[in-house]
Amino acid sequence: MPDSIPPAGTLPPTAQHTIGPFFPRTFFTEGDNDLTRVNAAAPPSTRGETILLRGRVTREGGVPCLNAILEAWQADAAGRFNHPLDPGRHGADLDFLGWGRAWTDAEGAFEFRTLLPGGYDDPAGRRAPHVNLTVMGAGLMRRVLATAFFPDFPAENAADPVLNLVPAERRARTVARAAGEEGGIRVFRFDIHLRGAAEEETPFFED
Amino acid sequence: MDTLAEALPPGLFAPLPPGIEPAVPVPGYPNTWTHTPAQPLIRRPATRTEVTGPAELWRKLPCGESNLAVPAPGKVAMGQLMHMSGRVLDEDGRPVRGAVVELWQANAAGRYFHPIDQRDAPLDPNFVGNGRVRTDGDGRYAFFTIKPGAYPVPVKDTWWRPPHVHFSVLGPSSLSRLVTQMYFPGDPMNEWDRILTSLPDPAARARLIAQQVHPSEVGDGWLAFTHDIVLRGRHATPEAP
């Protein structure tokens, strides 16, 4: 990092726009939604519990969203990021990129294969294990930002500084549900309801 | 021993200036009225998950496909050949090196090579219309493509999307993730476009319009446009290996 920072923001950021309905299928390759390996040819990470994170994206009235694009970003199983802004980066799992992308089918369904993330200490407070999800698609002029927490960690979740910003009566909608096992891998379910009444809409964030 | 507080100077990610975010839902764009979240968004602190991002994303997303106009020798796309280039910068004007830039667009007839686009305009067997590159040491990207056509939006009270190019940029952090569109200078349809005009600030709209390069600089082979893209964040330029 350079020592001094120039005066703020000489250039305003470029405005965002909708990703639209036609984000190319040809951009996807096998393994894009598999975070447990850097790419389809890379060996899987051996540090952590592999899980499946599944859900459906629906719009007003519960109608499924076809071809919504989701991007996942999360810490490794020990709560580290291989990134200059993580002081623990040198211990990060280098077989784990932490990023994946998926698109929804006609039922609005998506799936990520990933590792159960670790929590970490942050100046804002101790972060509970979580996966940040970005949803983009036709009709969404802005990226929609959701976070999936996990039911394994009730005490950590109760102390998480971001989860605590969600109105208490809506918090359950930002915690994935345990949904059994498949081939010895635990499945978690996280549905994303884009628009609805307070008791049905997924809590969304703004950065 | 550096701490995150030291590694993350205050003001690294300021809130967006007013007028830059699209005003939603958009009148005359029915999909936005059924998809846009209705509940207030919850402003969260930028914790480590938000300020970090995949530092080696090109290992997952193969980069280097930049010639959309001539996908194979002798196979030339229909339309006006166009060179599209620019820089990816942060809010301080520093180049963002190693950013992954994805570009996709309609063909010259205004149709996408996508199973969802079933409009009866012709597909071009020589044009798929997408590519992905990494920015170089000066933050530069470049594609060789064709100028896209306009197309009507199939809604009641229709409008035509002006020719535009989609960009998806994956920079150094989640907070700097950007999906946007670029327009062409001087097209009257720009002012009628319900997506471009959803930006409240006219200056923010103007910044989405590319600049055409004078033919004296590019010769007679193709049209050339430049377009710089500014990602959110300052100082947010980790060196890409």
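How many residues of chain B are in contact with chain A, and how many residues of chain A are in contact with chain B? In this model, which is a predicted one, 78 residues of chain B are in contact with 71 residues of chain A.

Let me stay with that interface for a moment, looking at it from the side of chain B. The elements of chain B that each give two or more residues to the side touching chain A are the helices α1, α2 and α3 together with the strands β1 (42–43), β3 (100–105), β4 (130–134), β9 (178–183) and β12 (229–230). If we sort the residues on this side of chain B by kind, we find 39 nonpolar, 21 polar and 18 charged.

The two chains are also joined strand to strand, since β12 of chain A, residues 205–206, is linked to β1 of chain B by two bridges, and these strands run parallel. In that pairing, A:F205 stands opposite B:I42 of β1 in chain B.

Let me turn now to the nonpolar cores, beginning with a general remark. In soluble globular proteins, nonpolar side chains tend to be buried together. Here, the largest nonpolar core has 89 residues, and the members that touch the most other members are A:V135, B:V88 and B:V169. Strand β8 of chain A, residues 144–149, gives the largest share of this core, namely five residues. Apart from this core lies another, made of five residues, among them B:L12, B:F13, B:V51 and B:L175.

To see one of these well-connected residues in detail, take B:V88, which, leaving aside residues up to four places away in sequence, touches a list of residues including B:V96, B:A99, B:V101, B:Y141, B:V169, B:I229 and B:L231.

From the five-residue core, I would pick out B:V51, which sits in helix α3 of chain B, residues 48–51. B:V51 counts as buried because it has 26 C-beta neighbours inside 10 Å. Its C-alpha atom is separated by 8.3 Å from that of B:F13, although these two residues are 38 residues apart along the chain.

Next, a few places where the backbone deserves a careful look. B:V24 and B:P25 are joined by a cis peptide bond, with omega at about -10°, and B:P25 lies in the loop between α1 (4–7) and α2 (30–35) of chain B.

Two further residues, neither of them glycine, have a positive phi near 60°, namely A:N67 and B:D157. A:N67 is in the loop between β1 (50–58) and β2 (69–74) of chain A, while B:D157 is in the loop between β6 (151–152) and β7 (160–161) of chain B. Are these two residues buried or exposed? A:N67 counts as buried, because 22 C-beta neighbours fall inside 10 Å, whereas B:D157 is exposed, because it has 10 other C-beta atoms within 10 Å.

Finally, a word on the annotation, which comes from unreviewed UniProt entries. For chain A, UniProt places the feature "domain: Intradiol ring-cleavage dioxygenases" at residues 20–196, a span that is 3% helix and 33% strand, with its end C-alpha atoms 21 Å apart. For chain B, UniProt places a feature with the name "domain: Intradiol ring-cleavage dioxygenases" at residues 84–112, and that span is 0% helix and 41% strand, with its end C-alpha atoms 18 Å apart.

Terms used. Residues are numbered from 1 along each chain as its sequence is written. Chains are lettered from A and ligands numbered from 1 in the order in which they are written. This is a predicted model: local features need pLDDT of at least 70, side-chain atom pairs count only at pLDDT 80 or more; totals for chains, interfaces and linings use all residues. Helices (H or I, at least four residues) and strands (E, at least two) are DSSP runs, numbered from the N terminus. A residue is buried if 20 or more other C-beta atoms lie within 10 Å of its own, exposed if 12 or fewer, and partly exposed in between; C-beta atoms are placed from the backbone. A nonpolar core is a set of buried Ala, Val, Leu, Ile, Met, Phe, Trp, Tyr and Cys residues joined through C-beta atoms within 7 Å. Two residues are in contact if their C-beta atoms, placed from the backbone, lie within 7 Å. UniProt positions are given in the numbering used here, feature names are shortened, and annotations may be inferred rather than shown by experiment. Ala, Val, Leu, Ile, Met, Phe, Trp, Tyr, Cys and Pro count as nonpolar, Asp, Glu, Lys and Arg as charged, and the others, Gly among them, as polar. Two strands pair if DSSP finds at least two bridges between them.
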